[in-house]
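Work through the exercises below with the sequence and the model open. Try each task before reading its solution.

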Amino acid sequence: MPRRGRVISFLPPGIPRSRLMPALVLVMADSCMTACIQTTAGFMVLDFVTPDPNRVGFYTGIMCFSFYIMQALSSLIVGWASDYFGRRPVLLVGVIGSLVTSTCLCFTFNFWYMVFVKALNGLFYIYQGVLKAYMGDLSDSSNRPKLASLHGLLYRYPDKIDQHGFFAYFPYFIPNVFCAALCLLGLLLGYFFLEDKAVQTPQPIELQNLTSDFELSNDLDSELSKEFTSDSIKSEPLVRPSTVSLIKIYALPIVLCVIYAFTGLVTICFRTIVPVWAMADVDVGGLGFDSTQVGLMNAIGGVVVPIIHIIMYNPTVNKLKLLCTFRIGIILCAPAFILTPPLRRLVPLDTKAALWVAIAGLVFLQQFAMQYSLTPILTMITNSVSNNKMGKANGIGQCLGCIGEAVGPALLSPLLAWSFEGSRKMDSIFVFAILAGASLLIVVPTVKIPSTINFPMCNRALHSPTPPPSIAIGTIPNDSAAYDDKETSIFEDSLDNTTFPPSE
């Protein structure tokens with residue numbers, strides 16, 4: 001019996017297991033399809049294009065660009081569609097397309113075939129943003145950080161398997177068939193258990209009283225409404241928000257989506273170029289690793305991530321909240337990136353123990369920084385909007401993130417390869433320095449983000465330091481006055497000064 005209690009407490013409380021498990025399986029399929037391109041792209045170039053490890057970066061940029069740009073084209077439209085047609089049909093369509101393309105990728109025999117199928121995989125890879133919105137529907141302020149941590153924990157992947165016979169002709173069969181199997185399992189679970197209806201979150205006491213008072217006064221309101229004539233109703237002008245007002249209202253979600261896009265750009269570039277850099281020859285600035293050693297680096301990351309999310313992430317968010325946690329993570333990305341190239345100085349040593357101890361410590365710092373960056377910003381995007389707008393918000397974030405993930409590796413991977421070549425050779429630390437500087441610049445716009453973003457929109461009154469003022473029946477409350485925690489920001493000021501002129 002105690003064992004069962006520990007298993008149940010590992011999952012976020014207050015969410016039906018039958019609705020949560022399909023989402024978690026899709027998260028694992030999501031991680032596999034995204035990360036297979038990062039871990040296997042360099043080896044595909046060596047197998048199918050050129051045996052020179054110093055030229056791998058030119059071709060990995062092409063593969064990453066084709067996958068992420070097609071994903072960007074579909075994310076925005078699909079996010080909008082999920083708010084109107086529901087999460088379930090969109091998720092099922094996406095997982096069917098991913099199942100077909102993952103099956104085709106199992107039989108990769110040519111690099112350009114891989115590029116074409118990966119582009120189709122990106123086009124049908126439409127459920128990532130919708131999945132975040134669905135998990136936002138399931139959660140509230142009591143369980144959303146833990147659910148986001150569980151999302152990051154499952155975001156791991158298999159590596160290339162070196163075998164003989166069948167696997168020698170199709171060396172990338174194992175990772176892709178694993179993705180296809182997860183898609184099939186997610187499709188079956190999703191068909192039977194996915195639902196569009198969101199879990200009802202507890203209302204603040206003030207809103208509960210307001211709702212009960214409103215229900216008790218229905219009869220009185222119906223009597224009073226008879227006193228108003230149709231002429232008096234027609235005399236009231238129809239109030240519509242202007243375009244400028246709508247932009248001000250949605251400023252915070254848009255800014256958070258842009259921050260997520262740049263955060264994703266920095267982290268995906270780092271994850272893409274590290275295997276390429278590790279495979280490069282020692283005399284040009286790499287580590288000279290083979291596929292087994294690169295796989296061991298990924299395995300260390302696979303051990304570190306569960307430690308971070310199970311032991312460290314939730315206590316940190318409970319203590320420091322989401323916004324401060326994100327700032328810590330994105331600042332730590334700078335030293336984690338810039339300290340990577342100096343590892344090559346340990347390669348000539350007689351013992352490899354010092355090299356692998358340094359790699360293990362640096363991988364821990366890298367994963368700590370990236371997990372503490374990506375997980376909070378995704379939760380803050382979900383917190384910035386109401387449930388009926390989560391699909392659009394996550395769709396915008398996913399679209400912008402995919403554009404960054406397409407452009408970043410397409411530019412930096414060739415730049416890294418160019419740094420290895422002959423007379424044009426420069427120190428590869430320049431590429432990592434660019435990523436370190438970009439991560440520090442991301443911190444700047446977070447200074448003006450209000451701390452209310454730490455809580456879901458529907459639960460902010462419960463976490464306000466001062467109780468909201470009493471609200472009379474029939475009046476519209478001012479959200480910034482009721483839920484503001486007295487922290488000024490450009491976003492809250494824009495809301496306070498927003499006026500809605502009547503339509504002509």
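Helices (H or I, at least four residues) and strands (E, at least two) are DSSP runs, numbered from the N terminus. The model is predicted: local features need pLDDT of at least 70, side-chain atom pairs count only at pLDDT 80 or more, and totals for chains, interfaces and linings use all residues. Residues are numbered from 1 along each chain as its sequence is written, and side-chain values use heavy atoms, without hydrogens and water.

**Exercise 1. Describe the chain.**
How many helices and strands does the chain have?

Solution. Start with secondary structure: 20 helices and zero strands. Next, take burial, meaning under 20% relative accessible area (exposed is over 50%, partly exposed in between; 1.4 Å probe, protein chains only). Of the 504 residues, 51% are buried. Finally, count contacts (heavy atoms within 4.5 Å). Among those with a separation of 6 or more, 82% join residues 24 or more positions apart.

**Exercise 2. Check the length of helix α5.**
What span should residues 111–124 have?

Solution. The expected span is 1.5 Å times one less than the number of residues. Helix α5 has 14 residues, so 20 Å is expected. The end C-alpha atoms lie 20 Å apart, which agrees. Now look at the start of α5: a side-chain oxygen of Asn110 comes within 2.8 Å of the backbone nitrogen of Trp112. Then list buried positions in α5; they include Phe111, Met114, Val115 and Lys118.

**Exercise 3. Place Ile307.**
Is Ile307 buried, partly exposed or exposed?

Solution. Locate Ile307 in helix α15. Its relative accessible area is 37%, so Ile307 is partly exposed.

Conventions. Polar contact = N/O pair within 3.5 Å; in protein donor to acceptor, adjacent residues only side chain to side chain.
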